[in-house]
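Biologist: I should like to go through this structure with you in questions and answers. Would you please display it?

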Amino acid sequence: MASNAAVPFWRAAGMTYITYSNICANLVRNCLKEPYKTEALTREKVHFSIATWNDGKAEKPVLRSDTPED
Amino acid sequence: MAMAALRREGRRFAPLLSPRPIAGVRSSLVSEEDAPFGTRSISTQVVRNRMKSVRNIQKITKAMKMVAASKLRAIQVRAENSRGMWQPFTALLGDTPSVDVKKNVIVTISSDKGLCGGINSTSVKISKALHKLSSGPEKETKYVVLGEKAKAQLVRDSKKDILLTISELQKNPLNYTQVSVLADDILKNVEFDALRIIFNKFHSVVSFLPTMSTILSPEIIEREAEAGGKLGELDSYEIEGGETKAEILQNLAEFQFSCVLFNAVLENATSEQGARMSAMDSSSRNAGEMLDRLTLTYNRTRQASITTELIEIISGASALEG
């Protein structure tokens, strides 16, 4: 019954495998008990600033961060 | 490369003191040959100030070396542990640096902070060489730059070829989630047939070799699979579940990119700390040598002024007697 182009639901929603595995990893980390849980969640912090370049000019950099800037 | 870095470190002290300190100090003091006979040279204050600032610089570079050494220890362990992440991929898919593709994207990894010797320049040099190698009719090569230092160098002559620049990566300690989000961004924004990641692989505290890792896009993997070799054996694997081989290849390619990028970022960070340690070490040594030369000049100046005073006193006294 599966069609030839049966894609998993997450691929159809536009996610890459990396995003999918990150979400699964987050779920696993949230299953931990308390002291280990906060430790594990510190290993998930994301912070970097990315700028796309168009034809030799940089656009305004986008900051991707878990800790919002003030 | 290391020698150039050492020379550059030495030259940074030059505005403080010229490379031939004796001549330099003399040019600021009144030279004994040019001045009229009998004048005193100016006070030793100038030389003393210079010695004080060189001594402070030496303390600072020594402290930076200690800091880099401690950071190195921590991150080296993580880098070596992360090597296990991409090894299964190489075992499965092989490593084909010489693959011939139309769209190459070069991911150059560098540091945000400076004072780390020549590692960023070597990465940029290899990226530029790769760019030249892989350009040709119908082929296109673009850059994705991680880190401020490589961005500054590449912007100078390859502005048009830069697709993305990323910075502030090391604000929090490096972790896989951050690098995988970054890899995801790159995959979503960049079209590629092959990704070449350029980083400095950490072999030991004094040796970091620039290395290139190649990740192929799923379509190219299919193409190479037909050509035989390691990839051709993929068909002999049985696939469980409802996925097709193309889907699995795509998942694998994405995950491979993320793992290889994680390892590359960690290795580059380790190399950065190691290079900073050796750069600061040679700076402290240079500062020490400079301090020795300054001390000699200081003593010579001091003794010359004492001698001049003595001569004046004695000739004054003998003039009175005679």
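The questions below concern a helix of chain A, the make-up of chain B and some charged pairs.

Modeller: This is a predicted model, in which local features need pLDDT of at least 70, side-chain atom pairs count only at pLDDT 80 or more, and totals for chains, interfaces and linings use all residues. Residues are numbered from 1 along each chain as its sequence is written, chains are lettered from A and ligands numbered from 1 in the order in which they are written, and side-chain values use heavy atoms, with hydrogens and water left out.

Biologist: What span should helix H2 of chain A have?

Modeller: Helices are DSSP runs (H or I, at least four residues), numbered from the N terminus. The expected span of a helix is 1.5 Å times one less than its number of residues. Helix H2 of chain A has 14 residues, residues 17-30, and its end C-alpha atoms are 20 Å apart, which agrees with the expected span of 20 Å.

Biologist: Where on H2(A) do the buried residues lie?

Modeller: Buried means under 20% relative accessible area, exposed over 50% and partly exposed in between, with a 1.4 Å probe and protein chains only. In H2(A), the buried residues are Ile18(A), Thr19(A), Ser21(A), Asn22(A) and Arg29(A). Seen down the axis, the buried residues of H2(A) fall within an arc of 165° (taken from the directions from the helix axis to the C-beta atoms), so they line one face of the helix.

Biologist: Which residues are exposed on the other side of H2(A)?

Modeller: The buried residues of H2(A) pack against helix H3 (34-42) of chain A, and against helix H6 (176-189) and helix H8 (245-321) of chain B. On the other side of H2(A), the exposed residues are Leu27(A) and Val28(A).

Biologist: How many helices and strands does chain B have?

Modeller: Strands are DSSP runs as well (E, at least two residues). Along the sequence, chain B follows the pattern α-α-α-β-α-β-α-β-α-β-β-α-α. The secondary structure of chain B therefore comes to eight helices and five strands.

Biologist: Which residues does the salt-bridge network of Asp281(B) join?

Modeller: A salt bridge is a side-chain nitrogen of Lys or Arg within 4 Å of a carboxyl oxygen of Asp or Glu. Asp281(B) and Arg285(B) meet in a salt bridge (3.2 Å, N to O); being four residues apart in helix H8 of chain B, they are separated by about one helical turn. Salt bridges that share partners form one network of Lys65(B), Asp281(B) and Arg285(B).

Technical notes
Contact = heavy atoms within 4.5 Å.
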